[in-house]
Amino acid sequence: MYESFLKYRNFLYLYVALTLVAVSLLAYWLHDPLHQPNGGTWLGYTLGTLGAVLVLWLTALGIRKRAYNSNLGTVRGWVSAHVYLGLALVVVATLHTGFQLGWNLHTLAWVLMLIVVISGVYGVWAYNRYPVPITRNRANLNRDLMLAEISEIDQKADQAAEALGSPVERMVISAHRRFTVGGGLISLLTGRDHSCMEEPRERKKDWKWKVVANADQQRLLELLNRELAGTREQQDYARLQGLIDLVSQKRALAHRLREDIRMQSLMRIWLYLHVPLTFMLLAALTAHIVSVFIYW
Ligand code: HEM
Ligand code: HEM
């Protein structure tokens, strides 16, 4: 759906938006108010009203997107118009202010509008940037299937480790138990892996265990390879090799899963600014309009 909304009907809405911008700039240039240009002149009111209508209409995309039976044009056409007219709004609303910006409620509306617009620009970029790599990374799997495969690998690895006994058994089982995907917002967006495992340290009477980082199953693989190098027994050697193979498969799958989550999050994160700030903008705009009429 998103791949070509920018080119919708040969850039129809780009031209509409450019016309709107050109007409507003021309009117501002020709306008000769008694005092400084500001929101209170006839042009100020015209541009302000146009700006407010645009904001309401831009907000209505949220309703149109969910109205599946609507015959008010395609969603693709709406998104195309939304993007270009949303950008034109910056010029319309800024000319409306006559550049009289300061630390006040009116400017709050203007700043909120800018943040909504900038997040929207990021959104358009993200919708073009991420879908192809997400599909490529999934390669016929979805998140549930990846998780199911990882859990199958874990079961096989646990069984293989059980046959090898201590200390491999505890290393593998602890790596399984302390394996994590996701976490806080930063982890989701960076794909950082906070998985841990228990590593055997000195052996006196019994092993001493220490919890260590096991990002990308790296530490577990290192320790298993070390075990492999010290193993003479043929059956154990084969078991360890099988185990290393399984852990490597899990590492690759978990990496793909994290990439999937990371890219999906980066593709959606902007909506957490775009949508709530739209409602804050509507509130600030209402307050702005009410306040200018009170002080009128
Ligand atoms: C996107 C919509 C709008 C934005 C972002 C916006 C923002 C602003 C800003 C920043 C100012 C300058 C305030 C100052 O002089 O300190 C202003 C002035 C003004 N705006 Fe708006 N405005 C919008 C829509 C409207 C609408 C719909 C109306 C009225 C129907 C309106 C009426 C006014 C008036 C009368 C002023 C002059 C106030 C004064 O000089 O004290 N604005 N606006
Ligand atoms: C003040 C101006 C704007 C307002 C109030 C606004 C508001 C909204 C709202 C309410 C939605 C619906 C979100 C949902 O329900 O999921 C939306 C979607 C969207 N907006 Fe804006 N927007 C503005 C400007 C922009 C700009 C300038 C761009 C891009 C340059 C943009 C890009 C988008 C895109 C791509 C979507 C589609 C999201 C989807 O379908 O998942 N917006 N916007």
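## Helix packing and ligand shells in a predicted model

From the N terminus on, the elements of the protein chain follow the order α-α-α-α-α-α-α-α-α-β-β-α-α-α. The protein chain thus has 12 helices and two strands. The structure is a predicted model, and every value below is computed from it.

**Overall dimensions**

The C-alpha trace of the protein chain spans about 95 × 40 × 30 Å along its principal axes. The radius of gyration of the protein chain is 29 Å, whereas a compact globule of 296 residues would have one near 19 Å.

**Helix pairs**

Two packed helices are described by the angle between their axes and the distance between the axes. Three pairs are set out in the table.

| Helix pair | Angle between axes | Distance between axes |
|---|---|---|
| α2 and α4 | roughly 150 degrees | within 9 Å |
| α7 and α11 | about 160 degrees | 9 Å |
| α2 and α12 | about 150 degrees | 11 Å |

The axes of α2 and α4 cross at roughly 150 degrees; because angles over 145 degrees count as roughly antiparallel, α2 is roughly antiparallel to α4. The crossing in which α2 passes α4 is left-handed. On the α2 side, the contact is made by G44, L47, G48, L50, G51, L54, V55 and L58, which meet H82, L85, G86, L89, V92, A93, L95 and H96 in α4. By class, the residues of the contact of α2 with α4 divide into 10 nonpolar, six polar and no charged.

Helix α2 also packs against α12, at an angle of about 150 degrees and with the axes 11 Å apart. That angle makes α2 roughly antiparallel to α12, and α2 passes α12 in a left-handed crossing. From α2, the residues A52, V55 and T59 take part in the contact, and from α12 the residues T278, L281, L282 and L285. Five nonpolar, two polar and no charged residues make up the contact of α2 with α12. V55 of α2 therefore belongs to the contact with α12 and is also listed in the contact with α4, where residues count as in contact if their C-beta atoms, placed from the backbone, lie within 7 Å.

The third pair joins helix α7 (residues 143–164) and helix α11 (residues 234–268), packed at an angle of about 160 degrees with axes 9 Å apart. This angle makes α7 roughly antiparallel to α11. The crossing of α7 and α11 is left-handed. The contact of α7 with α11 has 16 nonpolar, two polar and nine charged residues.

**Surroundings of ligand 1**

Ligand 1 is surrounded by 26 residues, and the closest are G39, G48, G51, Q100 and H106. Helices α2, α4, α5 and α12 each supply at least two residues of this shell. The most is given by α2, with seven residues. G48 and G51 also appear in the contact of α2 with α4. By class, the shell around ligand 1 has 11 nonpolar, 15 polar and no charged residues.

**Surroundings of ligand 2**

Around ligand 2 there are 24 residues, with L58, G62, G86, V117 and G120 the closest. At least two residues of the shell come from each of α2 (42–59), α3 (61–66), α4 (75–97), α5 (105–129) and α12 (271–295). The largest share of the shell around ligand 2, seven residues, comes from α5. L58 in α2 and G86 in α4 are also among the residues of the contact between these helices. The shell around ligand 2 comprises 15 nonpolar, eight polar and one charged residue.

**Backbone features in loops**

Two loop residues are of note for their backbone geometry. The peptide bond from S166 to P167 is cis, with omega near 0 degrees, and P167 is found in the loop between α7 and α8 (168–177). F99 lies in the loop between α4 and α5. Phi of F99 is near 60 degrees, a positive value in a residue other than glycine.

Key
Residues numbered from 1 in each chain as written. Chains lettered and ligands numbered in written order. Predicted model: local features only at pLDDT ≥ 70, side-chain atom pairs only at ≥ 80, totals over all residues. Near = placed C-beta within 6 Å. Helix = DSSP H or I, 4+ residues; strand = E, 2+ residues; numbered from the N terminus. Nonpolar A, V, L, I, M, F, W, Y, C, P; charged D, E, K, R; others polar. Axes fitted to C-alpha atoms, helices over the stretch in contact; angles between N-to-C directions. Parallel < 35°, antiparallel > 145°, perpendicular 65-115°, else oblique. Left-handed = near helix turned anticlockwise from the far one by under 90°. Contact = placed C-beta atoms within 7 Å. Rg over C-alpha atoms; globule rule 2.2 N^0.38 Å.
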